[in-house]
Amino acid sequence: MSDDVHKLHHAVQIIMRAFKIAEANVQVAHRELAFGPPEIQTMRFVAENAGCKLADLAEHLGVVPTTASSIVDRLVERGLIRRDRPETNRRAIALALTEAGADAFSRIEAEELATMQMMLDALAEDERAPFVTSISKIAASVSSQ
């Protein structure tokens with residue numbers, strides 16, 4: 001493997017460690033709301049795809065529908081997601097954030113954006129756009145595999 005691969009691996013490990021430490025010590029909403037990654041990813045997907053079906057969520061999360069259903073059950077019990085029955089298909093279930101869910105998700109997203117700002121602050125102004133372009137290309141490539 002190339003030296004660049006080793007350097008990237010090392011850098012990513014340092015960034016991941018720093019984010020874990022920051023999350024444990026600074027991320028108030030994450031801690032207060034006691035969300036794990038599956039709950040956050042579920043809320044993000046539902047926020048971006050209001051009215052989505054459970055099968056769509058399961059596919060997005062890369063889990064079986066029963067696992068997605070369990071995650072949704074926990075969020076419904078907490079009053080953060082609701083299951084609606086569309087008038088056009090009474091057998092279907094459409095997922096949506098409740099007002100409390102939208103508020104909780106906006107708090108989490110604000111903290112995540114602050115973390116991203118911290119990352120960009122480590123770069124000079126003229127380095128930021130190329131970095132975002134490169135990391136976006138990597139994310140697109142990884143997510144399509």
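Starting at the N terminus and following the chain to its end, you will meet its elements in the order α-α-α-α-α-β-β-α-α, which amounts to 7 helices and 2 strands. Please keep in mind throughout the tour that this is a predicted model.

**The whole chain**

With everything shown, colour the chain by accessibility: of its 145 residues, 24% are buried. The chain exposes about 9900 Å², and carbon and sulfur atoms supply 58% of that area. If you turn to contacts between residues with a separation of 6 or more, you will find that 49% of them join residues 24 or more positions apart.

**Helices H4 and H5**

Now select residues 54–61, which form helix H4, together with residues 65–77, which form helix H5, and look at how they pack, with axes 8 Å apart and at an angle of about 105°. H4 is therefore roughly perpendicular to H5, since angles of 65 to 115 degrees count as such. To see the contact itself, show the side chains of Leu54, Leu57, Ala58 and Leu61 on H4, and then those of Pro65, Ala68, Ser69, Ile71 and Val72 on H5.

**Helices H3 and H6**

A second pair is found by selecting helix H3, residues 37–48, and helix H6, residues 99–121, whose axes come within 10 Å and cross at roughly 110°. H3 and H6 are thus roughly perpendicular to each other. On the H3 side the contact is made by Ile40, Met43, Arg44 and Ala47, while H6 contributes Gly101, Ala104, Phe105, Ile108 and Glu112.

**Aspartate 84 in strand S1**

Next, move to strand S1, residues 81–84, and pick out aspartate 84 within it. Is this aspartate 84 buried or exposed? Aspartate 84 falls in between, being partly exposed with a relative accessible area of 27%, because the partly exposed class lies between the 20% limit for buried and the 50% limit for exposed. Leaving aside residues up to four places away in sequence, aspartate 84 touches Ala92, Ile93, Ala94 and Ala96. If you draw a distance from the C-alpha atom of aspartate 84 to that of alanine 94, which is 10 residues away along the chain, the viewer should give 5.0 Å.

**A patch on helix H7**

Finally, select helix H7, residues 125–143, and find valine 132 in it. Valine 132 counts as partly exposed, because its relative accessibility is 37%. Add Ile135, Ile138 and Val142 to the selection and show the surface, where these residues and Val132 make a nonpolar patch of about 330 Å².

How values were computed:
Residues numbered from 1 in each chain as written. Predicted model: local features only at pLDDT ≥ 70, side-chain atom pairs only at ≥ 80, totals over all residues. Heavy atoms only, no water. Patch = residues over 30% accessible without salt bridge, like charges linked within 9 Å, V, L, I, M, F, W, Y side chains within 5 Å. Areas by Shrake-Rupley, 256 points an atom, 1.4 Å probe, with all protein chains shown as cover. Salt bridge = Lys/Arg side-chain N within 4 Å of Asp/Glu carboxyl O. Helix = DSSP H or I, 4+ residues; strand = E, 2+ residues; numbered from the N terminus. Buried < 20%, exposed > 50% of the residue type's maximum accessible area, 1.4 Å probe, protein only. Axes fitted to C-alpha atoms, helices over the stretch in contact; angles between N-to-C directions. Parallel < 35°, antiparallel > 145°, perpendicular 65-115°, else oblique. Contact = heavy atoms within 4.5 Å.
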